[in-house]
Amino acid sequence: MSGRWLPSQVSSSVRVVMTALKVGVTIGLGSLAAATAFAQQPQPAGNAQRGAEVASTCLGCHGIEGYRNAYPDYAVPRLSGQQAQYLAAALQEYKSDARQYPTMHLQAMSLSDQDIADAAAYLAGKPLAAPSSSASAPQVPQPAVVCTSCHGRDGIGVTPMYPSLAGQHASYIARAIQEYQTGYRKNPIMNGMVASLKPADITAIADYFSSLKPGLHTESRPFFRWTR
Ligand code: HEC
Ligand code: HEC
């Protein structure tokens, strides 16, 4: 937003931020508990080299830029640069069916904890580096302000359990938000965060985060196994 803000805009944004902080503190504690519970189960350290073997079948979808899920139509998520710990947690949820998605359940169900840690380390690749200057950063749209407390102003998750959204496909971000809204995708933090977003807010949020650089990307390495 350019130009001066009207006092009413300022006070309403202050209210939004204050609410965000309160919500953030309350759910932050819950998520801390969840993250601690996850961390308390000894999670194996990921070996990216071994992960390349485990994850070679994954690249048939995740290694092709712009590959889309046939129905419903949205882009398969970008994984390169994502937080490895978040990827491992997501795979555990697909495996247990806590996150319901039949294709990914089939992919994850035969993976051991070690396989999951290794595949996550490999697929995550190099972590996203924060942009060196915020001078050219786009303005955060109003409905996305509250999201940046966990997903970062630069779209990089502020803890390893908060997924990065920078550079993620807009169609995937929008789809994920809608799934949290309907409760199809269950997460105590996210279900509350997105409850009141309108379709126009979702579009603005998805466009904002997907435009951020440096961002997640698709490491195009299909047929890795055969060409190596
Ligand atoms: C047939 C295509 C296909 C294959 C093969 C596939 N995936 Fe996926 N993957 C998807 C789709 C589509 C989604 C988004 C599902 C959803 O909305 O929950 C996804 C989601 C994910 C996510 C969650 C990402 C996020 O941002 O939350 C992870 C992690 C993942 N896949 C890892 C893997 C791994 C590891 C393998 C191989 C063992 C694999 N995938 C194989 C299509 C595929
Ligand atoms: C208190 C921290 C917190 C806040 C604030 C927050 N999120 Fe999240 N977000 C999370 C966590 C934790 C997850 C992973 C949840 C899961 O495993 O399903 C997540 C997941 C997501 C995902 C799915 C990413 C993927 O790769 O599948 C999207 C999209 C998302 N958030 C968007 C938003 C938006 C939009 C807002 C603001 C309206 C927001 N988040 C606010 C913590 C937060």
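Which helices each supply at least two residues of the shell around ligand 1? That was what I wanted to know when I opened this predicted model.

**Entry 1: ligand 1**

I went through the shell helix by helix. I found that α3 (59-62), α4 (84-96), α5 (102-108) and α6 (113-124) each give at least two residues to it. The shell has 19 residues, and I noted Cys-58, Cys-61, Asn-69, Pro-77 and Tyr-101 as the closest. Then I sorted the shell by chemistry: 13 residues are nonpolar, six are polar and none is charged.

**Entry 2: helix α4**

I stayed with α4, since it is one of the helices supplying that shell. It has 13 residues and reaches 19 Å from its first C-alpha to its last, close to the 18 Å expected at 1.5 Å a residue. I listed its buried residues: Ala-84, Gln-85, Leu-87, Ala-88, Ala-89, Ala-90, Leu-91, Gln-92 and Tyr-94. Just past the end of α4, I saw that Asp-97 has a positive phi of about 70 degrees.

**Entry 3: ligand 2**

Next I asked which residues come nearest to ligand 2. They are Cys-147, Cys-150, Ala-176, Asn-187 and Met-193, out of 24 residues around the ligand. The helices that each put at least two residues into this shell are α1 (7-40), α7 (148-151), α8 (170-182) and α9 (188-194). I sorted this shell too, and got 17 nonpolar residues, six polar and one charged.

**Entry 4: helix α8**

I picked α8 from that set and checked its length. Its 13 residues should span 18 Å at 1.5 Å a residue, and the end C-alpha atoms are 19 Å apart, so the two agree. Buried here are Tyr-172, Ile-173, Arg-175, Ala-176, Ile-177, Glu-179 and Tyr-180. I jotted down that Arg-175 and Glu-179 are on that buried list, and that Ala-176 is also among the residues nearest to ligand 2. What do the buried residues of α8 pack against? I found β2 (74-75), α9 and α10. Just after α8, Gly-183 takes a positive phi of about 85 degrees.

**Entry 5: helix α10 and Ile-205**

I followed the packing over to α10, residues 199-211. This helix has 13 residues and runs 18 Å between its end C-alpha atoms, close to the 18 Å expected. Its buried residues are Ile-202, Ile-205, Ala-206, Tyr-208, Phe-209 and Ser-210, and α8 is part of what covers them.

I zoomed in on Ile-205, which lies in α10. Why does Ile-205 count as buried? I looked up its neighbours: there are 24 C-beta atoms inside 10 Å, and 20 are enough, so Ile-205 qualifies. Leaving out residues up to four places away in sequence, Ile-205 touches Pro-141, Pro-143, Ala-144 and Cys-147. Pro-141 is 64 residues away along the chain, yet the two C-alpha atoms are 6.9 Å apart. I also noted that Cys-147, one of the residues Ile-205 touches, is among those that come nearest to ligand 2.

**Entry 6: the whole chain**

Last, I stepped back to the overall layout. The protein has 11 helices and two strands. From the N terminus, the order is α-α-α-β-β-α-α-α-α-α-α-α-α. Of the 228 residues, 31% are buried. I also looked up the contacts between residues at least 6 apart in sequence, and 76% of them join residues at least 24 apart. The pair Ile-205 and Pro-141, in touch and 64 residues apart along the chain, is one I had already written down.

Terms used:
Residues are numbered from 1 along each chain as its sequence is written. Chains are lettered from A and ligands numbered from 1 in the order in which they are written. This is a predicted model: local features need pLDDT of at least 70, side-chain atom pairs count only at pLDDT 80 or more; totals for chains, interfaces and linings use all residues. A residue is near a molecule or strand if its C-beta atom, placed from the backbone, lies within 6 Å of it. Helices (H or I, at least four residues) and strands (E, at least two) are DSSP runs, numbered from the N terminus. Ala, Val, Leu, Ile, Met, Phe, Trp, Tyr, Cys and Pro count as nonpolar, Asp, Glu, Lys and Arg as charged, and the others, Gly among them, as polar. The expected span of a helix is 1.5 Å times one less than its number of residues. A residue is buried if 20 or more other C-beta atoms lie within 10 Å of its own, exposed if 12 or fewer, and partly exposed in between; C-beta atoms are placed from the backbone. Two residues are in contact if their C-beta atoms, placed from the backbone, lie within 7 Å.
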